Amino acid sequence: MLKTFSIGGIHPAENKLSADSAIQALPIPQMVSIPISQHIGAPATPVVKKNDEVKVGQLIAKSSGFVSANIHSSVSGKVFKVDDIMDASGFRRTSIIIKVEGDEWLEHIDRSEKLLTEISASKEEIIKRVGDAGIVGLGGATFPAHVKLSVPPGKTAEVLIINAVECEPYLTSDHRIMLEKGDEVLVGTQILMKALEVNKAIIGIENNKPDAIAHLTKLATNYEGIEICPLKTQYPQGGEKQLISATIKREVPSGALPIEVGAVVQNVGTAYAVYEAIQKNKPLIERVATITGKSLKNPSNWMFRIGTPVKDIIEAAGGMPEDTGKIVGGGPMMGKALSSVDVPLTKGSSGLLLLPREETARKATKACIRCGKCVSVCPMGLEPYLLMVCADQKNYERLEKDAVMDCIECGSCSYTCPAHRPLLDYIRLGKGKVGQIMRARK
Amino acid sequence: MNTKVLVAPSPHVHSGDSIQKNMYGVVFAMLPALLFSFFYFGLGALVVTLTAVASCYLFEFLIQKYILQSEVTINDGSALITGILLAFNVPSNLPIWIIIIGALVSIGIGKMTFGGLGNNVFNPALVGRVFLLISFPVQMTSWPKPTGLSSGYIDVETGATPLAIIKEGLNSGQPLSKLMSEIPSNMDLFLGNMGGSMGEIAGAALVLGLIYMLIRKIITWHIPVSVIGSVAIFTGILHMVDPEAYAGPLFHILTGGLLLGGIFMATDYVTSPMSNKGMIIYGIGIGVLTVVIRVFGAYPEGVSFAILIMNAFVPLINVYVKPKRFGEKRK
């Protein structure tokens, strides 16, 4: 029996169309727009102004607090303007727009392919340099990585868990990184282990990627303390709490962080970015994204410069199909629908999914038949049908009592509901309101 | 790139499951039992089933269209299930006009007065059945003998059900071992070769339906297993205490519609609890009440009453029995 998390879960069609497509470099666009808020936490503060010359890797916006992240230029050229433009969230946010000229990198960045396994940086140096490099969680949550590495006083990390689950259907960027950058990922993992002072790391991979499991298991014999853990394919295993439950059988208490049970979770893409930052002095200026969809000519994986417009990656994959009904930034379960193809790809862009109209159109909502399927699939053990009713009736007291804040918004309930009820839409609404009430009380 | 695109919150895909798929799945699971009842009771079974189904559809349509003036949703398949279950719960020689009254009570009072599918507290087919049992006790308890495909409709030989034989025998002071020799063997009971209502007799066919529904994930094991299991344990204990006064567990499981109730009626989505823990409590309640009614009550059989009584507790169970939350501290 393969391991998986303790409660609930679903198994949507995997549709990993681009799994066999090697990572290619996306051409550098003529203009990039780099938002100053690509992470959870305070937006960074721009340190360049109009007409400044910048090089690849140069700091252009500085972290403005502990939970914030540096932003670096992904191209060389001239700052065209610093202005508010619409980003993937649909809101207008401050961005630094750079007109590209050539491709000139800062000199101290090592651009060679040579694998460097020797880790010379100390614990403190690693944490500082991960912060300096602007690395955030690349699984999609974009939580600044150095914050997770700074274990709060009184707590100890026992194990590092690398999230290589990629449980979202369609997405394959983590899968390709494991196959093509296996050694780099493992060195990155060891750097993270050193920063956390743990001697054990577990890399959790779902068994729908047998080639990645085999490849990393073979490589891992050269690295001490790293264990590859194959997992049963089950959504939402990539959720932090679910992955901890699956790999070390511990349940993070409601409202607490993973460190409560001695675990720190980092994404596999983050481990690769950490390798690049520590061993190669390269800040987070590019990442891998999957462009995919059933009607798309060429579902594929691309290494893109942060700030590249979405339409560029669509063009690279053969252009937008006629029947496109929704453009999703991320996977089909938790991704965000985009309203425009002019928005930039950012640190959190793990993929872009073009869904055909028929596949994504919502069906008419019917009466709840109380089948209980939403309850049985909820990975947090909640009662989505009840939370929806309470949110609709504005019964916030009951919502809080029935643990609405535990909801991880994985969407398993809405996905499953035979009556096509928009459970998660209502739960999100209720969560927002209850969150406000709880903050006001403090 | 001027395509208009949708912007909506996640998730952006759906499993493709629907109310119809689940409802027709249940209907498919009832087919073996339906075929068995045609096989044993012939023409009568066909007439009763068609009448029950047609009148359930008709009443739901009329009530939605003309009384509630709401959207007509007879295509969701739930009226079909109610119709078949009502037919399963009555003798195969029941006069047509009584069946129509049963359908009216099932759909009209059991379902539509509460607001239609999803809102009813009690299993509609059982509301109809119990109403008929109390109003027409003679017609509702004259069970045709299973004489085969060539059986007629009204003019058939009737006899008592195994449970009734045991109940009356014990009441008149006869020992159980003698009574047991008057009823069919366990294998006959399992294959349905006994007197009874249409759908309750063929245990084998009902179990086949259960397996299908479990594989298709239409229902989970919690309710059927807890209903049947608790009956087995309770009657097992009684049987061990006094084998001459109480029949064994296998007899109780194979007779009196326990399998029909535990597999198809207690598992009705709308009238059963939402969480797994709740389902088990509900199932045990049904099992225990069934045995109490059968053994200590006036009626020979108790499944219908037990399910209806536990239906009433479902809202309470849903409020007080919560699923195990992730990360909840173990007490």
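Visitor: What makes up chain A in terms of helices and strands?
Guide: In this predicted model, chain A holds 14 helices and 17 strands.

Visitor: Why is chain A called as compact as a globular protein of its length?
Guide: Set the two values side by side: the radius of gyration is 21 Å, and the globule rule gives 22 Å for 442 residues. The value is close to the rule, so chain A counts as compact in that sense. The C-alpha trace spans about 65 × 50 × 50 Å along the principal axes. Buried residues account for 54% of the 442.

Visitor: Which share of the contacts in chain A joins residues at least 24 apart?
Guide: Of the contacts between residues at least 6 apart in sequence, that share is 73%.

Visitor: Now to chain B. Why is Thr161(B) called buried?
Guide: The cut-off is 20 or more other C-beta atoms within 10 Å. Thr161(B) has 23, so it is buried.

Visitor: Where does Thr161(B) lie, and what does UniProt list for it?
Guide: Thr161(B) sits in the loop linking strand E2 (158–159) to helix H7 (162–171). The unreviewed UniProt entry lists this residue as "modified residue: FMN phosphoryl threonine". Beyond four places in sequence, its contacts include Trp143(B), Met194(B) and Pro300(B).

Visitor: How much helix is there in residues 189–214 of chain B?
Guide: That span is annotated "transmembrane region" in the unreviewed UniProt entry. Here it is 58% helix and 0% strand, with its end C-alpha atoms 23 Å apart. Residues 221–241 of chain B carry the annotation too; they are 95% helix and 0% strand, and their end C-alpha atoms lie 30 Å apart.

Definitions and conventions. Residues numbered from 1 in each chain as written. Chains lettered and ligands numbered in written order. Predicted model: local features only at pLDDT ≥ 70, side-chain atom pairs only at ≥ 80, totals over all residues. UniProt positions renumbered as here; feature names shortened; annotations may be inferred. Helix = DSSP H or I, 4+ residues; strand = E, 2+ residues; numbered from the N terminus. Buried ≥ 20, exposed ≤ 12 C-beta atoms within 10 Å, placed from the backbone. Contact = placed C-beta atoms within 7 Å. Rg over C-alpha atoms; globule rule 2.2 N^0.38 Å.
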